[in-house]
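Work through the exercises below with the sequence and the model in view. Each task is followed by a solution that goes step by step.

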Amino acid sequence: MAQLEDEAAQHTSALGPLVGLTREDIFGAVAVMLRETASDPQRLMKHGQAIGEDMVKIMTGKSDLAPHPKDKRFQDPAWQYNPFMRAGMQYYLAVQKGAAHWLEDLELDELEKDRARFISNIIIDSLAPTNTLIGNPSAQKMAITSGGLSLIKGLKNAYDDMVNNKGMVSQVDKKPFKLGENVATSKGSVVLRTEMMELVHYAPTTDEVYAVPQLTIPPQINKMYINDLSPEKSVVKYQLDNGIQTFVISWKNPSKDQGHWDMADYVNSCREAMEAVSKITGSKKVNVSAGCSGGQTAAMLASKLAADGDDLLGTLTLMVCVLHPKQNDIEAGSLVSKNGLELARRRAEKKGVIKGDDLARGFAWLRPNDLIWNYVINNYLLGQDPPAFDVLFWNADATNLSAALMGDFLTVFETLAFTKQGEVEMVDHKIDLSKVTSDLFILGGVTDHITPWKATYRSTRLFGSKDVTYVLSQSGHMQAILNPPGNPKAKYYVQKGAAKPLPDTAEEWLKGTEEVAGSWWPFWMEWVQQRSGEKKPAPAKLGNAKYKPLDPAPGLYVMEPC
């Protein structure tokens, strides 16, 4: 169960170029493989013969094929000691090995080969014997020891998913979690509500607070309470306990009628929230933190403020966010094509919104071993409930994505807008991060498969900031952020010695780092506090005369069903 929690938490969904992936791109990759295979029958015969030789060795008990030591699917002793099970495993490994050699022999360019390799891995993973009852010794043992009850429970779980989860295998048991009771429990109030967002002002927990407040901009496809999951994992609570005046935006889940909401609308909402925070706190500066797609929105906001000569922005913290993407950053990136992006745009415009569960389903099938087959085995074959894990509960609470915003994110990806200085126009200005001079804190995650850390490091070269700090957390994506003090396994990497300009590349930076045991939160908090002004008495009330408290935190928008 712990393994399931960890695997899925490392692969929480996120906005990126993959929202533009279409079935045509996938079918196209398959077509290229078939075309190249048919073009040289002799090569096909050669690889067929090699697989045949492996099959003969398996049948005669002479095969030495063995799974990779890290392959968790074949850890049951039966795979080693039961001759029938061992043979079945080796047949599968022979196919896997043969496919890998065949792909390497195809005369494809590097991009086509990456596409072929990715698609073939998805297909071969689906054929693993562990995905079936007859080929899974752990499931067979469970059926025997439970007197068949595990099979009945597995059928019930499968039926529940068909009826209540649109046919997708459940990754989380949602029943134990209730917003405002054991998730998102920090005290606060909505002090501003618009059609697009709510602004939540959290109640101070210290007698004194720093003068400069902090506003968090969350991603647009997940709800804001990732920042306040539980008291132990709450970034909100940690900020409050360290004297930071804390505000968080909560996005409205767009319906088809709001499909026209674009990047300009979201940036204008962020700006409206910043201005409200400034008026409530009396501060002329507002520090901003943001993660993932919220980070791209915050970067666009910073560029717009700089273009307008508005100095409201204080510091800027960007967590697990890529502003300078490259197609080979992620495994599935090779599947994305220009034609596919245009098709994705047109389909999104027709629908108005991209449904949150459609995004989640598509993302899961790009990493099926971690996000599909693990749960098929656990929920259906073993008859166990999926894990009750707060991060997965939040991840399953995905919201819709407006067609216009999706189009803007794809434009940013296609044009590399953040890497240009005044060449790409969006949000009523020419984007130019070199004009943004705010102190900058950037976070990456060592095992992040969604926003790889070396891609997040490229952001350090884009801004005009003279003070840039980069921290690498020992985890992946959201787990890199939710890494509070007290975790004995936690560690992070920072540049050695006194502050100095960061190197041009991630590889150079890594050579000059030191490993620090523990959470990166205290390091970040000290950085924020040093840039948050003097201390003053904590406010006795939330909001002010203009921005009066409306509903208690976490607000109404997060309560709306997806």
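**Exercise 1. Find what share of the residues of the protein count as buried, and describe its contacts and its surface.**

Of the 562 residues of the protein, 57% count as buried, where buried means under 20% relative accessible area, exposed means over 50%, and partly exposed lies in between (1.4 Å probe, protein chains only). The model is a predicted one, in which local features need pLDDT of at least 70 and side-chain atom pairs count only at pLDDT 80 or more, while totals for chains, interfaces and linings use all residues. Residues are numbered from 1 along each chain as its sequence is written, and side-chain values use heavy atoms, with hydrogens and water left out.

Turn next to the contacts, a contact being heavy atoms within 4.5 Å: among those between residues at least 6 apart in sequence, 82% join residues at least 24 apart. The surface that the protein exposes comes to about 24,800 Å², of which carbon and sulfur atoms supply 55%; such areas come from the Shrake-Rupley method with a 1.4 Å probe, and for residues only the protein chains shown count as cover.

**Exercise 2. State the order of the strands in the open sheet of 10 strands, and say which strands stand at its edges.**

Begin with the elements: the protein has 20 helices and 16 strands, which are DSSP runs numbered from the N terminus, helices being H or I with at least four residues and strands E with at least two. The open sheet has the order β1-β2-β5-β4-β6-β7-β12-β13-β14-β15, and its pairing is mixed; two strands pair if DSSP finds at least two bridges between them. At the edges stand β1 (188-193) and β15 (513-517), each with a single partner strand, so one side of each is left without a neighbour in the sheet. Direction ignored, neighbouring strands of this sheet are turned by 25 degrees against each other on average.

Now follow individual pairs. β1 and β2 form a hairpin with 3 residues between them, and they pair in the antiparallel sense over 5 bridges, with Gly188 opposite Tyr202 in β2. Although β1 is an edge strand, 5 of its 6 residues are buried. β6 and β7 run parallel and are joined by 5 bridges, one position being Gly291, whose bridge partner in β7 is Met319. In β7, 7 of the 7 residues are buried, so this strand is largely enclosed by the rest of the structure. Strands β13 (residues 468-473) and β14 (residues 491-495) pair in the antiparallel sense over 2 bridges, and Leu472 stands opposite Tyr493 in β14.

**Exercise 3. Identify the strands that helix α10 lies across, and describe how α10 packs with helix α11.**

Helix α10 (residues 263-281) lies across β1, β2, β4, β5, β6 and β7, and runs at about 150 degrees to β5. Axes here are lines fitted to C-alpha atoms, for helices over the stretch in contact, and angles run from 0 to 180 degrees between N-to-C directions.

The angle between their axes and the distance between the axes describe two packed helices. For α10 and α11 (residues 293-307) the angle is about 75 degrees and the axes are 9 Å apart. That makes α10 roughly perpendicular to α11, since angles under 35 degrees count as roughly parallel, over 145 as roughly antiparallel, 65 to 115 as roughly perpendicular and the rest as oblique. Residues of α10 in this contact include Met263, Tyr266 and Val267, while those of α11 include Thr297, Met300 and Leu301.

**Exercise 4. Decide whether Thr130 and Ser434 are buried or partly exposed, and locate each of them.**

Thr130 is found in the loop between α6 (110-126) and α7 (137-145), and with a relative accessible area of 2% it is buried. Leaving aside neighbours within four places in sequence, Thr130 is in contact with Arg73, Phe74, Trp79, Gly135, Asn136, Ile377 and Leu381.

Ser434 is found in the loop between β11 (429-430) and β12, and at 27% relative accessibility Ser434 counts as partly exposed. Ser434 and Gln421 are 13 residues apart in sequence, and their C-alpha atoms are 6.8 Å apart in space. With neighbours within four places again left aside, the contacts of Ser434 are Gln421, Leu462, Phe463 and Gly464.
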